[in-house]
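Colleague: I should be grateful for a close look at a single part of this model, namely its pairs of opposite charge. Please also place that part in its surroundings, in terms that a first-year student can follow.

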Amino acid sequence: MACALSTPILRLEATSSRRASCGTRLEICRGLDFLGARRKYPCQILSYKNPSYVVRAMVLPASRPILDNEEERKQMSERYGFTQIGEPLPDNIMLKDIMDTLPKMLFEIDDMKAWRSILISVTSYALGILMIAKAPWYLLPLAWAWTGTAVTGFFVIGHDCAHKSFSRNKLVEDIVGTLAFLPLVYPFEPWRFKHDRHHAKTNMLSEDTAWHPVWPEEFNSSPLLRKAIIFGYGPFRPWMSIAHWLIWHFDLKKFRPSEVGRVKISLACVFAFMAIGWPLIVYKAGIIGWIKFWLMPWLGYHFWMSTFTMVHHTAPHIPFKTSEEWNAAQAQLNGTVHCNYPRWIEILCHDINVHIPHHISSRIPSYNLRAAHKSLQENWGKYLTEANWNWRLMKTIMTTCHVYDKERYYVPFDDIAPENESYPIKFLQKAMPDYA
């Protein structure tokens, strides 16, 4: 027997070969309104019973975030943890219109500044390794946090190389980018090909290769996958980039025939580093040394990789759209978030957090991003979404921005998952501070 409920949000279905009963009924449920507040709603319940278990799910009425009203945007900013949520960009504004307001000098490559960024990253990373070697056990977490942040700077250098904003010499960029990614065991060319697609299709459903909302069909495909998704997009979200690294960058089938040659070279470099570098670390310092000196800083890097990615493009008011509805200027200006972090993090990570101008044009070098953002504030400031990194912002993303819905943008897991499966989200709601 099967029972099912189809809605504009998703389709829920329970099946069993045993004798069972099922049906729908109206109840009063709790959910999020467009300002993120918990409210009571009349809702439709799908229930399914058999002798051993009960499946129960609810569907809340959809309500689209209203961004045209300034007072409502202020309320949303405060509730979500932002300092400002920008008003919608008019449909007639093109990406070129925004680019044309940026001073041409911001696109110029400065070799001294580029190589100085390498000096900063190499020095800070070497200091981190020294701290790990000398620190007593109780100070190791601080040493790992510093070193993980420092090695994130290597990623940003490779990131500039991939965007052709590091050097005028393409060969130099290929070599520096590949070497910068090696300590992270990240293949440079596969990442570059996929990242270019992220910039071309930012916040476009399916086509964007960075993170996007969970599909309802995927969420309800199996109980085991649903549990994995809840943990991955919930408590383990600050390390979800590890899954992205594995899924997107090592499978040759994911690349065009014209790309495969360069992909193989990058993969060979990464595997060579693993085959030579890892055994050397183990030989000199043992397995514990490999964990101390490589694995823990690597996990620190992925914390920043995941955090930067989700903060830059994930918010309850930022939609992912189909290719037919998508607007490049709106996605890059309205759909990208500027977030301030403690200054030492911004220095070690070469201002990758100054992200809106990078999406207006990826050819702006990292050392010019702050000047570019100031120009955007002067010319397009009312359309920008900005924040200071805080607990409330992270809590909003990790506890509410989950399953795709066309009208509400996101439906939280705990609104639609069986109660006995949504406990990781409920734990985060209770455990994470609400400080903004």
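Modeller: A salt bridge is counted where a side-chain nitrogen of Lys or Arg lies within 4 Å of a carboxyl oxygen of Asp or Glu. The general idea is that side chains of opposite charge can pair when their charged atoms come close. Please bear in mind that the model discussed here is predicted.

A search of the whole structure finds 17 salt bridges. Let us begin with the one between Arg343 and Asp351, in which the closest N and O atoms are 3.2 Å apart. This pair counts as a salt bridge because the limit for such a contact is 4 Å. Arg343 has a relative accessible area of 43%, so it is partly exposed. Asp351, at 11%, is buried, because the term covers values under 20%.

Other salt bridges share partners, and in this way Lys170, Asp174, Glu189, Arg192 and Arg262 are joined into one network. Within that network, the side chains of Asp174 and Lys170 meet at 2.7 Å, N to O. Both residues belong to helix H5 and stand four residues apart, which is about one turn of the helix. Asp174 is buried, at a relative accessible area of 15%, whereas Lys170 is partly exposed, at 33%.

A further salt bridge links the side chains of Glu259 and Arg256, again with 2.7 Å from N to O. Here Glu259 is buried, with a relative accessible area of 9%, while Arg256 counts as exposed, at 56%.

We may now return to Asp351 and consider its backbone. Most residues other than glycine have a negative phi. Asp351 is not a glycine, yet its phi is positive, at about 60°. This residue sits in the loop between helix H12 (343-348) and helix H13 (356-360). Val185 offers a second case: its phi is about 45°, and it is not a glycine either. The loop that holds Val185 runs between helix H5 (170-181) and H6. With a relative accessible area of 1%, Val185 is buried.

Helix H6 leads us to the empty space inside the model. In general, rolling a probe the size of a water molecule over the atoms shows where empty space is left. Four cavities of 30 Å³ or more are found in the whole structure, and the largest cavity has a volume of about 340 Å³. Its lining consists of 22 residues, of which Phe155, Trp191, His195, Met305 and Thr309 are the closest to the centre. Helix H4 (140-162), helix H6 (188-200), helix H9 (241-249) and helix H10 (257-313) each supply at least two lining residues. The greatest contribution, five residues, comes from H10. By character, the lining is made up of nine nonpolar residues, twelve polar residues and one charged residue.

The surface provides a contrast to these charged pairs. Trp137, Tyr138, Leu139 and Leu142 form a nonpolar patch there, with about 520 Å² of accessible area together. Leu139, one of these residues, lies in the loop between helix H3 (111-134) and H4. Leu139 counts as partly exposed because its relative accessibility, 35%, falls between the limits of 20% and 50%.

Conventions:
Residues numbered from 1 in each chain as written. Predicted model: local features only at pLDDT ≥ 70, side-chain atom pairs only at ≥ 80, totals over all residues. Heavy atoms only, no water. 1 Å grid on protein atoms, 1.4 Å probe; cavity = no way out; pocket = protein on both sides within 12 Å on 5 of 7 lines; lining within 4 Å. Points joined across faces, edges and corners; volume = space filled by probe spheres on them. Nonpolar A, V, L, I, M, F, W, Y, C, P; charged D, E, K, R; others polar. Buried < 20%, exposed > 50% of the residue type's maximum accessible area, 1.4 Å probe, protein only. Patch = residues over 30% accessible without salt bridge, like charges linked within 9 Å, V, L, I, M, F, W, Y side chains within 5 Å. Areas by Shrake-Rupley, 256 points an atom, 1.4 Å probe, with all protein chains shown as cover.
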